[in-house]
Amino acid sequence: MSAYPVERIRNFSIIAHVDHGKSTLADRLLEITGTISKTDHNKQVLDKLQVERERGITVKAQSASLFYNHEGINYLLNLIDTPGHVDFSYEVSRSLSACQGVILVVDANEGIQAQTVANFYLAFEAQLSIIPVINKIDLKNADPERVEKQIEKLFDIPTDECIRISAKQGTNVEKVLQKVIEKVPPPQCNTADPLKALVFDSTFDHYRGVIANIALFGGEIAKGQKIVSAHTKKRYEVHEVGILTPNEQPTHKLYAGQVGYLIAGMKEVTEAQIGDTLFLYKQPVEPLPGFKSAKPMVFAGMYPIDQGEYNNLKSALERLTLNDSSVTVHRDSSLALGAGWRLGFLGLLHMEVFNQRLEQEYNMSVILTAPTVPYKAVLSSAKLIKAYGKDQITIINPAQFPDKLSVSEYLEPTVLGTIVTPHEYIGKIITLCQDRRAVQKDMLYIDENRVMLKYLFPLNEIVVDFYDALKSLSSGYASFDYEDAGYQSADLIKMDILLNGNPVEELATIIHSDKAHAAGKLLCEHLKETVPRQLFDIAIQAAIGKKIIARETLKAYRKNVVAKCYGGDITRRMKLLRRQAEGKRLMRKIGNVEVPRDAFIRVLKRETDK
Ligand SMILES: Nc1nc2c(ncn2[C@@H]2O[C@H](COP(=O)(O)OP(=O)(O)OP(=O)(O)O)[C@@H](O)[C@H]2O)c(=O)[nH]1
C-alpha cells in the first residue's frame with residue numbers, strides 16, 4: 001500500500017453498553033466498505049475467540065482497516081472494536097488512545113445505560129469527537145426520541161446530532177460512515193518525522209510470535225528496519241508489517257497516521273507492552289504517554305487437580321497468558337493443594353472466561369480457590385516490617401493475612417459504581433447498596449423514569465454477585481459499571497472453614513468483621529448440603545482464629561452401594577464398585593473427610609443465590 005495522505009485517514013472506535021450492537025454495526029461497516037462479503041458466515045467477524053461467540057461478549061479488541069469512497073475521494077478508515085463488559089473496560093481506554101473519534105452506540109429501546117456513561121466519559125476526557133448513534137430503531141419498542149433527550153440531558157449533545165440506525169437491517173449505516181469522515185479529525189502527524197509507533201494491543205501466534213497492533217504517530221516503517229522498544233530498550237528487526245482487514249494483510253510499509261500490525265521476532269507479549277513506543281534504531285523519539293496497565297481486581301489460587309498434571313497446566317497457563325497479558329501469574333503453593341499459582345484477573349467474568357479457555361483450548365480442569373480482592377495492611381510489628389522490607393503490604397492470598405496484633409490498619413480497595421435504573425426499583429437498589437456497605441455519592445434523573453445513582457463500594461462487596469443481585473431485583477433493567485476509587489480503612493478478619501477441625505484452604509476468606517457471622521453461617525449451611533454424608537459425623541465450622549462463629553453437623557450415614565446387588569450378578573456388582581472407585585478419584589480428602597472436588601466451587605456459587 002502506498003502512503004495515504006494523512007488528511008484522508010480517520011481512526012475511530014465504536015463504544016457502547018454491552019449488547020447495544022457494536023459488533024453488528026462493525027460487521028455492517030465492514031460489509032459496506034467491501035472489507036468482507038455479505039454472508040451469514042461473517043456474522044460478527046471481529047469476535048474471534050470461541051468464548052466470545054459462545055458468551056456473546058467481546059473479550060479482546062480487534063481492529064480493521066476499511067477503504068471508503070466519499071464524494072469521489074478515497075478514505076482509509078481504521079476501526080478499532082472495543083469490548084463491552086465492565087471487566088474489560090481497560091481494553092476500551094487502550095483502544096481509544098489510537099483514535100481521534102468514537103461512535104457512541106445507544107440502544108433505542110434500553111436507552112443510556114451505566115456503561116454508556118462510563119464509555120462516554122472515557123472518550124470525552126480523551127478529547128475525542130463523539131458521534132452519537134441510536135441503534136435498533138427497527139424494534140417495536142424503540143423510542144429514539146426519548147434516547148435523544150437523555151443524550152442531550154446527560155452529555156450535552158444536541159438531539160439533532162444523533163443518527164438513528166438499525167445495524168441489523170443496515171438502515172442509515174452509510175450515514176454513520178459519512179459522519180465519521182466529516183466529524184472525526186485526521187491524525188496529526190507527519191511521514192517525514194522519525195518513526196513513532198504506539199503499541200495499543202498485542203496477540204500471540206504460535207507460529208509467528210508476537211503480533212503487535214500499532215498506530216503510527218510519525219514516520220514510516222517497513223520490513224528489514226531495526227526498531228527499539230522505548231520501554232525495554234530491546235532491539236528488533238521488523239519481519240513483517242501490514243494492515244488488518246480484519247485478518248493480517250502484509251503491506252510494503254506503514255505510514256504516519258495508519259493503524260496496522262508489526263511482527264518483529266518478539267517472543268512474549270510482555271515484550272510488546274501495551275502503551276509502549278517503538279522507534280527506529282539510532283533515531284530515538286520522546287515516547288508517547290503510555291497508559292495505565294491493566295490492574296487485577298480479583299485474585300484466586302489455581303491448582304492442578306492432580307499434581308502429576310502440574311507441568312501440563314504450567315505450559316497451558318504460559319501459553320494462555322501470552323495472549324492475555326492482563327492476567328498476572330505468581331507461583332504459589334499450599335499444604336493442602338500442593339504447588340500452584342495465584343492469578344490476578346480484571347474481574348470475575350474475566351476469571352470465568354480464562355478458566356473456560358483453559359478447559360476448551362487446553363483441556364485442563366483445575367481447582368480454583370475463592371476469589372479475593374487485593375487488600376493492604378499497614379504493619380506495626382518491627383519483625384514483619386523487617387521481613388517484608390516495607391511497612392505496607394498487599395494481601396492477595398488469605399493464607400498471608402497478617403494477625404491484627406502486628407498491623408496498625410487494614411485497607412480495602414473501593415470502586416465508584418454507576419447504576420442506571422428505571423425509578424420503580426430505586427428503593428430496593430438503595431437497600432441492596434446499603435447492605436453492601438456502599439455510600440451514596442450522587443443521584444440524578446436522566447428522564448422522568450430513569451435514574452442514575454453513584455455509590456462508593458468496597459470492591460469485595462461487588463466482585464462475586466452484586467451484578468446478579470442487581471439484575472434480579474430489577475428484573476434485568478438496571479445496569480452497572482464501576483471504576484477504581486482507591487483504598488479505605490476497614491475492619492478486616494480472616495475466616496476459616498473447618499471440616500472436623502481441619503481447615504479447607506479453598507474456602508478461607510478475608511472479610512469485613514460485620515459480615516463474618518452471617519457469611520460463616522451461610523457457608524456452613526451450604527457445605528452441609530453439598531458434602532456427602534459419610535460413615536461418621538462431620539462438624540462443619542466457620543472460625544476466626546480459634547473462635548468458632550458458626551457450626552453445622554452433617555450426620556453419619558452408611559451407604560451400602562452393593563446391598564441392592566445382593567445375590568445378583570457379579571459383573572454388575574464389579575461395575576458398581578468400579579464406578580465408586582472412579583468417583584473417589586474426583587474426591588479431595590480433608591483430614592478424614594472426603595469431599596467432591598467441585599463441591600467448593602458449588603458452595604461458593606450457591607452463596608450467590610441469596
Ligand atoms: N433488532 C435489532 N437487533 C440488533 C440490532 N443491532 C444489533 N442487534 C442485536 O443485538 C444483540 C447484541 O448485538 P451485538 O452487536 O453483539 O452487541 P455488542 O454491543 O457488540 O455486544 P458486546 O460485543 O458483547 O459488547 C444481537 O443479538 C444483535 O443481533 C438492530 O439494529 N436491531
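# Notebook: rings, strands and cysteines in a predicted model

I began with two phenylalanines and found that Phe 120 and Phe 155 are both buried. I keep in mind throughout that this is a predicted model.

**Aromatic pairs.** I then searched the whole structure for aromatic pairs, and the search returned 14 of them. Phe 120 and Phe 155 form one such pair, which is stacked, with 3.9 Å from centre to centre and 15° between the planes. I looked up where the two rings sit: Phe 120 belongs to helix H4 (residues 114–125) and Phe 155 to helix H5 (residues 144–155), so the pair ties together parts that are 35 residues apart in sequence.

I next turned to Tyr 455 and Phe 457, whose ring centres are 6.0 Å apart with the planes at 45°, so I noted this pair as tilted. Since buried means under 20% relative accessible area, I checked both residues against that cut-off. Tyr 455 has a relative accessible area of 2% and is therefore buried, and Phe 457, with a value of 0%, is buried as well. Both residues belong to one aromatic cluster, in which I also listed Phe 466, Phe 480 and Tyr 482.

**Charges over rings.** Which residue lies over the face of Tyr 281? I found Arg 235 there, at 4.0 Å from the ring centre. I made a similar entry for Lys 376, which lies over the face of Tyr 487 at 4.2 Å from the ring centre.

**The sheet.** I traced an open sheet of 8 strands, and wrote down its order as E11-E10-E16-E7-E8-E15-E12-E13, with antiparallel pairing. Its edge strands are E11 (235–237) and E13 (248–251), each of which pairs on one side only. On average, and with direction ignored, neighbouring strands of this sheet are turned by 40° against each other.

I then followed strand E8 (residues 209–218) to its partners, beginning with strand E7 (residues 196–205), to which 9 bridges join E8 in an antiparallel run. E7 and E8 form a hairpin, and I noted 3 residues between them. For a single position in this pairing, I recorded that Ser 202 has Ala 212 in E8 as its bridge partner.

How many bridges join E8 to E15? I noted 5, with strand E15 (residues 259–263) running antiparallel to E8. Within this pairing, Asn 213 has Tyr 261 of E15 as its bridge partner, while Ile 214 stands opposite Gly 260 in E15. I also checked the burial of E8 and found that 9 of its 10 residues are buried, so the strand is largely enclosed by the rest of the structure.

**Helix H6.** I listed the buried residues of helix H6 (residues 173–183), which are Val 173, Val 176, Leu 177, Val 180 and Ile 181. Looking down the axis of H6, I found that these buried residues fall within an arc of 140°, so they line one face of the helix. As a reminder to myself, an α-helix has 3.6 residues a turn, so residues three or four places apart point the same way.

**Cysteines.** My search for disulfides gave 0 in the structure. Cys 99 is in no disulfide, and the nearest cysteine sulfur, which belongs to Cys 189, is 13 Å away; a disulfide would need the two sulfur atoms within 2.5 Å. I finally looked up the burial of two cysteines: Cys 99 counts as buried at 5% relative accessibility, and Cys 524 is buried with a relative accessible area of 1%.

Terms used
Residues numbered from 1 in each chain as written. Predicted model: local features only at pLDDT ≥ 70, side-chain atom pairs only at ≥ 80, totals over all residues. Heavy atoms only, no water. Buried < 20%, exposed > 50% of the residue type's maximum accessible area, 1.4 Å probe, protein only. Pairing = 2+ DSSP bridges. Helix = DSSP H or I, 4+ residues; strand = E, 2+ residues; numbered from the N terminus. Axes fitted to C-alpha atoms, helices over the stretch in contact; angles between N-to-C directions. Arc of directions from axis to C-beta. Phe/Tyr/Trp six-rings, centres within 6.5 Å; stacked < 30°, edge-to-face > 60°. Lys NZ or Arg CZ within 6 Å of the ring centre and 35° of its normal.
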